[in-house]
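Here's a quick walk through one protein model, going from a single lysine to the packing inside. Have the sequence and the 3D view open as you read.

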Amino acid sequence: MKPSQKEAISQKIKTFAEALGFMACGISKAGFLEDAAPRLEEYLKNNRHGEMRYMENYFDKRLDPTLLVPGAKSVISFLYNYYPEEKIDAQNGFQIAKYAYGLDYHDVLKEKLRTLVVMLEEEIGAFEHRVFVDSAPVLERAWAERAGLGWIGKNGNLLAKKSGSFFFLGEIICDLELIYDHPTTDHCGNCRKCIDACPHRPLLLLRFWMVLSVFSYLTIELKNEISTEFTGKMGDWIFGCDICQDVCPWNRFSVSNPASWLQPHPKLLELNKKDGKTLPKKLSLKSLEKIL
């Protein structure tokens with residue numbers, strides 16, 4: 001494929017992404033994530049993944065997208081802003097991570113990415129691809145960083161200078177040879193507000209491009225009952241946690257997204273501490289939708 005063709009197709013992808021509501025799109029060359037391999041190995045060896053045993057599976061595929069999509073040449077990464085217009089009242093209501101306010105993002109964003117593929121195939125013809133939204137062994141943040149969409153902050157989130165970190169990630173891994181973007185630099189500097197604000201300093205415990213706060217781990221990933229040692233120490237967080245993002249200086253640039261599917265359900269806004277007995281012990285995006 002001629003450079004001019006690669007440039008044209010790469011630009012079409014980014015134009016389609018913007019039309020579908022994505023805030024950013026970056027492209028990186030598919031290949032083995034050599035710098036990530038020893039970190040992932042150490043992460044698993046030291047049991048930093050806790051009960052997330054699925055992290056032990058598909059070690060090679062997590063590091064090499066060509067094993068997920070044979071013949072893959074490019075990883076196209078997307079950011080989708082989920083910062084809602086309306087927030088749950090921190091004074092009276094239970095706290096839920098903002099990404100879970102609305103509909104299940106996996107379904108919505110996969111459909112958007114599939115639509116993008118259809119739009120592109122109408123222009124250039126069929127090509128081999130797979131769409132991913134936190135649904136397979138893909139190191140999403142590592143690929144987004146490589147594609148120049150941001151850098152991995154001290155809280156483990158992908159940070160972007162002009163938009164912060166309240167966004168979803170998605171990928172299309174394909175066999176198209178495209179024009180590749182370049183990584184940006186780290187702009188956290190000496191700031192450690194996320195670390196200092198974290199109630200249990202989990203950033204030192206779970207660090208590998210998929211850091212989880214203790215609250216997120218306990219309320220989402222942990223399958224067993226939450227230990228009594230955390231009784232009275234979790235505030236009002238019942239699903240996930242936004243503490244490290246809320247204090248991050250870069251999130252002062254966050255702009256709310258008016259999309260209706262991202263806004264909190266009216267019943268979520270009505271939840272208060274007195275209703276705690278009506279909530280299941282463990283929540284998920286699907287169970288949240290069911291109780292609403």
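Let's start with Lys98, which sits in the loop between strand S3 (95–96) and helix H4. Keep in mind that this is a predicted model. Is Lys98 buried or exposed? Its relative accessible area is 9%, and buried means under 20%, so Lys98 counts as buried. If you leave out neighbours within four places in sequence, Lys98 is in contact with Tyr82, Tyr83, Pro84, Lys87, Phe166, Asp242 and Asp246.

Next comes Tyr105, a residue of helix H4. Tyr105 is buried too, because its relative accessible area is 9%, under the 20% cut-off. Its side chain makes a polar contact with the side chain of His106, at 3.3 Å. Tyr105 can also be paired with Leu262: they are 157 residues apart in sequence, yet 8.5 Å apart in space, C-alpha to C-alpha.

Here are the two residues side by side:

| Residue | Location | Relative accessible area |
|---|---|---|
| Lys98 | loop between S3 and H4 | 9%, buried |
| Tyr105 | helix H4 | 9%, buried |

Now for the inside of the protein. The largest nonpolar core has 32 residues, and the ones that touch the most other members are Ile13, Ile76, Phe78, Ile172 and Trp261. Which elements give two or more residues to this core? They are helix H1 (3–19), strand S1 (24–29), strand S2 (74–81), helix H4 (105–124) and strand S7 (167–174). H4 gives the most, with seven residues.

Ile76 is a handy one to click on. Not counting residues up to four places away in sequence, Ile76 touches Ile13, Cys25, Gly26, Ile27, Gly170, Glu171, Ile172, Cys174 and Leu178. There's also a second, separate core, made of 14 residues, including Ala72, Phe132, Leu139 and Ile173.

Finally, have a look at how H1 and H4 meet. Their axes come within 10 Å and cross at roughly 145°, and the crossing is right-handed. On the H1 side, the residues at the contact are Ile9, Lys12, Ile13, Phe16 and Ala17, and they meet Leu116, Met119, Leu120, Glu123 and Ile124 in H4. Sorted by class, this contact has eight nonpolar residues, two charged ones and no polar ones. Ile13 turns up here on the H1 side, and Ile13 is also among the core residues that touch the most other members.

Conventions. Residues are numbered from 1 along each chain as its sequence is written. This is a predicted model: local features need pLDDT of at least 70, side-chain atom pairs count only at pLDDT 80 or more; totals for chains, interfaces and linings use all residues. Side-chain values use heavy atoms; hydrogens and water are left out. A nonpolar core is a set of buried Ala, Val, Leu, Ile, Met, Phe, Trp, Tyr and Cys residues joined through side-chain atoms within 4.5 Å. Buried means under 20% relative accessible area, exposed over 50%, partly exposed in between (1.4 Å probe, protein chains only). Helices (H or I, at least four residues) and strands (E, at least two) are DSSP runs, numbered from the N terminus. Contact means heavy atoms within 4.5 Å. Axes are lines fitted to C-alpha atoms, for helices over the stretch in contact, and angles run from 0 to 180 degrees between N-to-C directions. A crossing is left-handed if the near helix is turned anticlockwise from the far one by less than a right angle, and right-handed if clockwise. Ala, Val, Leu, Ile, Met, Phe, Trp, Tyr, Cys and Pro count as nonpolar, Asp, Glu, Lys and Arg as charged, and the others, Gly among them, as polar. A polar contact is a pair of N or O atoms within 3.5 Å; within protein, one must be able to donate a hydrogen and the other to accept it, and residues adjacent in sequence count only if both atoms are side-chain atoms.
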